[in-house]
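Work through the exercises below with the sequence and the model side by side, and try each task before reading its solution.

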Amino acid sequence: MKIKIATLNEIYEIECLYQELFTEMSNLQPKYIKPAKQDVTFIQNTITNKDSDILIADIDNRTVGFLLIQEATTPPYTCIVEHNYAFIVDIIVGSQYQNQGIGSALLCEAKKWAKIRQLDYLELNVLSENMGAITLYEKQGFQDMSHTMRLELA
């Protein structure tokens, strides 16, 4: 397995993995998330933007997983200590390649990406029902920092 930064040549494979990610998310929260295709322009812009990358896991010249990462800055509120950090927008490993260390390898590469850019920390969001992902993130040293709560009105 090789981890590398995606180029425009990998868009189709990234797009296919996004469909798998969105389907998985819709299975976890069908009331709020539906299966969909990712906008190709979004993928292109992420690849070409200097402040973001898509790290791909490649096995035998096939993209089997990816991690989308971007630079971010804390909001300019007087009570918040300013930080520049790396935000992991999305991460997916194809279902037939899960539990083989690919997610861990992508996260390790994300840590290197953030350190090279001298960022303060990594951050991500995860659906509360996604216990497999939560376990992976905790094994990689991530800690729960906040909760999003929702009250149904209907």
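**Exercise 1. Find which residues have the most contacts inside the largest nonpolar core, and where this core draws its residues from.**

Solution. The model is a predicted one, and its largest nonpolar core has 22 residues. Inside this core, the residues with the most contacts are Leu67, Ile69, Ile88, Leu106 and Leu122. Turning to the elements that contribute, β2, β3, β4, α3, β5 and α4 (131-139) each supply at least two residues of the core, and the largest share, 6 residues, comes from α3. To see one member in its surroundings, take Leu122: leaving aside its neighbours within four places in sequence, Leu122 is in contact with Ile69, Ala86, Ile88, Ala110, Lys111, Ala114 and Phe142. Apart from this core lies another one, of 14 residues, and among them are Leu21, Phe22, Phe66 and Leu68. As a general background, nonpolar side chains in soluble globular proteins tend to be buried together.

**Exercise 2. List the elements of the chain from the N terminus on, and then state the order of the strands in the sheet.**

Solution. Begin with the count, which gives 4 helices and 5 strands in the chain. Read from the N terminus on, these elements run β-α-α-β-β-β-α-β-α. The 5 strands form an open sheet in the order β1-β2-β3-β4-β5, with mixed pairing. The edge strands, each of which pairs on one side only, are β1 (2-5) and β5 (122-124). Neighbouring strands of the sheet are turned by 30° against each other on average, if direction is ignored.

**Exercise 3. Describe how β2 pairs with β1 and with β3, giving bridge partners as examples.**

Solution. Start on the side of β1, where β1 and β2 (residues 52-59) pair in the antiparallel sense over 4 bridges. Two examples can be followed in the model: Lys2 has Asp58 in β2 as its bridge partner, and Ile5 has Leu55 in β2. Next, turn to β3, which runs antiparallel to β2 and is joined to it by 8 bridges; here the bridge partner of Ile56 is Phe66 in β3. The strands β2 and β3 form a hairpin with 2 residues between them. As for how far β2 is covered, 7 of its 8 residues are buried.

**Exercise 4. Which strands do the helices α2 and α3 meet, and at what angles do these helices run?**

Solution. Helix α2 (residues 40-48) packs on the sheet and touches β2 and β3 (62-73), while its direction makes about 100° with that of β2. Helix α3 (residues 102-116) lies across β1, β2, β3, β4 (84-93) and β5, and α3 runs at about 160° to β4.

**Exercise 5. Decide whether Glu15 and Ser26 are buried or exposed, and name the residues they touch.**

Solution. First locate both residues: Glu15 is found in helix α1 (residues 11-28), and Ser26 also has its place in helix α1. The cut-off for a buried residue is under 20% relative accessible area. Glu15 has a relative accessible area of 12% and is therefore buried, and Ser26, at 7% relative accessibility, counts as buried too. Leaving aside neighbours within four places in sequence, Glu15 is in contact with Lys37, Gln38, Val40 and Ile43, whereas Ser26 is in contact with Ile33, Lys34 and Pro35.

**Exercise 6. Examine the phi angles of Asn61 and Asn99, and say where each residue lies.**

Solution. Most residues other than glycine have a negative phi. Asn61, although it is not a glycine, has a positive phi of about 60°, and it is placed in the loop between β2 and β3. In the same turn, Asp60 has a positive phi of about 50°. Asn99, which is not a glycine either, has a positive phi of about 65° and sits in the loop between β4 and α3. A residue counts as exposed at over 50% relative accessible area, so Asn61 with 71% is exposed, and Asn99 with 82% is exposed as well.

**Exercise 7. Compare the radius of gyration of the chain with that of a compact globule.**

Solution. For 154 residues, a compact globule would have a radius of gyration near 15 Å, and the chain has 16 Å, which agrees. Along its principal axes, the C-alpha trace spans about 50 × 45 × 30 Å. Of the 154 residues, 39% count as buried.

Technical notes
Residues numbered from 1 in each chain as written. Predicted model: local features only at pLDDT ≥ 70, side-chain atom pairs only at ≥ 80, totals over all residues. Heavy atoms only, no water. Pairing = 2+ DSSP bridges. Axes fitted to C-alpha atoms, helices over the stretch in contact; angles between N-to-C directions. Contact = heavy atoms within 4.5 Å. Rg over C-alpha atoms; globule rule 2.2 N^0.38 Å. Buried < 20%, exposed > 50% of the residue type's maximum accessible area, 1.4 Å probe, protein only. Core = buried A, V, L, I, M, F, W, Y, C linked by side-chain atoms within 4.5 Å.
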